[in-house]
Amino acid sequence: MNFIRIWAISKHVFLELLRERLLYLAGLYAIGLVAGGALITEVAAATENKIITDFGLAMMLIFGLVIVIFTTPNLLAREVEKRTIFIVIAKPISRLELVVGKHLGLLGALTLLLVVMAGLYLGYLSILKITYPLVPVLTAIGFMLIEFALLTAAALLFSIFTSPLIAIFLTLATFFIGHLSSDVITLGRVIRNPQLLAVLKGFFLVVPDLSRLDLKNTAVYGLLPSAGVLVASVVYGILYTVFLLALTVFIFARREF
């Protein structure tokens, strides 16, 4: 694995996404944040500050998810459709380098977008003179980036053996199910059906538990899990991302074009 080639691929993906006016989404985020904040102020009672704080974080997640689901499935599919994949694989570039480079390039663009949105978000809260717990909020945003990395790896995996449309659907399903997976296990225990509980546990092991990376709802109140739980969640997100990328490379390496 050559890191110079990975850097070249990731840089190309990053610049291509910037040319596609990725940062325009930051402007849309700012408009949505101001409009949503004005509406919340009108309809909410004494809790509008907490609602606005939570609303801004939720919008960050939604905008990042939009980039993941509508951009990632086309990263490799576009190469295959335009037949440029033949030129790429004919060069001294391994498929491992191609997959990792694509993933890092998109993750870099997502990081930039998230940083810009976070700056707009914190600036807006300061303008409104809304007090917020800075460290928990920044921690929640950092965990959001780990979740984007995992979802991007999942979308790349789906795009290898399905069409971009189906990959979008599967990535969305992974997102929603991943946030509900722990609740599904709780439901299985309430039902007290051993067979159903066994199926749900198996399902829980396959689908990533994205609720571990979702700190938005507690961060706005200044609450965070213990340091040990945070470290375990970071390791979980990184290992799951690496596993998905490895699986993507394994399947991609055996695909004939």
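This passage walks through the helices of a predicted model, from the overall layout to one helix pair and then to the nonpolar core.

The chain contains 10 helices and zero strands, so along the sequence the pattern is simply one α after another, α-α-α-α-α-α-α-α-α-α. Of its 257 residues, 44% count as buried. Contacts often link distant parts of the sequence: among those between residues at least 6 apart, 82% join residues at least 24 apart.

A good place to look more closely is the meeting of helix α1 (residues 3–19) with helix α5 (residues 95–127). Their axes lie 7 Å apart, and the two helices pack at an angle of about 45°, which means that α1 is oblique to α5. The crossing of α1 past α5 is right-handed. On the α1 side, the contact is made by R5, I6, I9, S10, V13, F14, L17 and L18; their partners in α5 include L98, V100, L104, G108 and L112. Sorted by character, the residues of this contact comprise 12 nonpolar, four polar and three charged.

Turning to the interior, the largest nonpolar core holds 64 residues. At least two residues of this core come from each of α1, α2 (24–43), α3 (48–81), α5, α6 (134–161), α7 (164–191) and α10 (227–253). Helix α6 provides the largest share, with 15 residues. Y29, M60 and Y121 have the most contacts inside the core. Y121 shows how such a residue is surrounded: leaving aside residues up to four places away in sequence, Y121 touches Y29, L33, I52, T53, G56, L57, M60 and V137.

Note on methods:
Residues are numbered from 1 along each chain as its sequence is written. This is a predicted model: local features need pLDDT of at least 70, side-chain atom pairs count only at pLDDT 80 or more; totals for chains, interfaces and linings use all residues. Side-chain values use heavy atoms; hydrogens and water are left out. Axes are lines fitted to C-alpha atoms, for helices over the stretch in contact, and angles run from 0 to 180 degrees between N-to-C directions. Helices (H or I, at least four residues) and strands (E, at least two) are DSSP runs, numbered from the N terminus. Angles under 35 degrees count as roughly parallel, over 145 as roughly antiparallel, 65 to 115 as roughly perpendicular and the rest as oblique. A crossing is left-handed if the near helix is turned anticlockwise from the far one by less than a right angle, and right-handed if clockwise. Contact means heavy atoms within 4.5 Å. Ala, Val, Leu, Ile, Met, Phe, Trp, Tyr, Cys and Pro count as nonpolar, Asp, Glu, Lys and Arg as charged, and the others, Gly among them, as polar. A nonpolar core is a set of buried Ala, Val, Leu, Ile, Met, Phe, Trp, Tyr and Cys residues joined through side-chain atoms within 4.5 Å. Buried means under 20% relative accessible area, exposed over 50%, partly exposed in between (1.4 Å probe, protein chains only).
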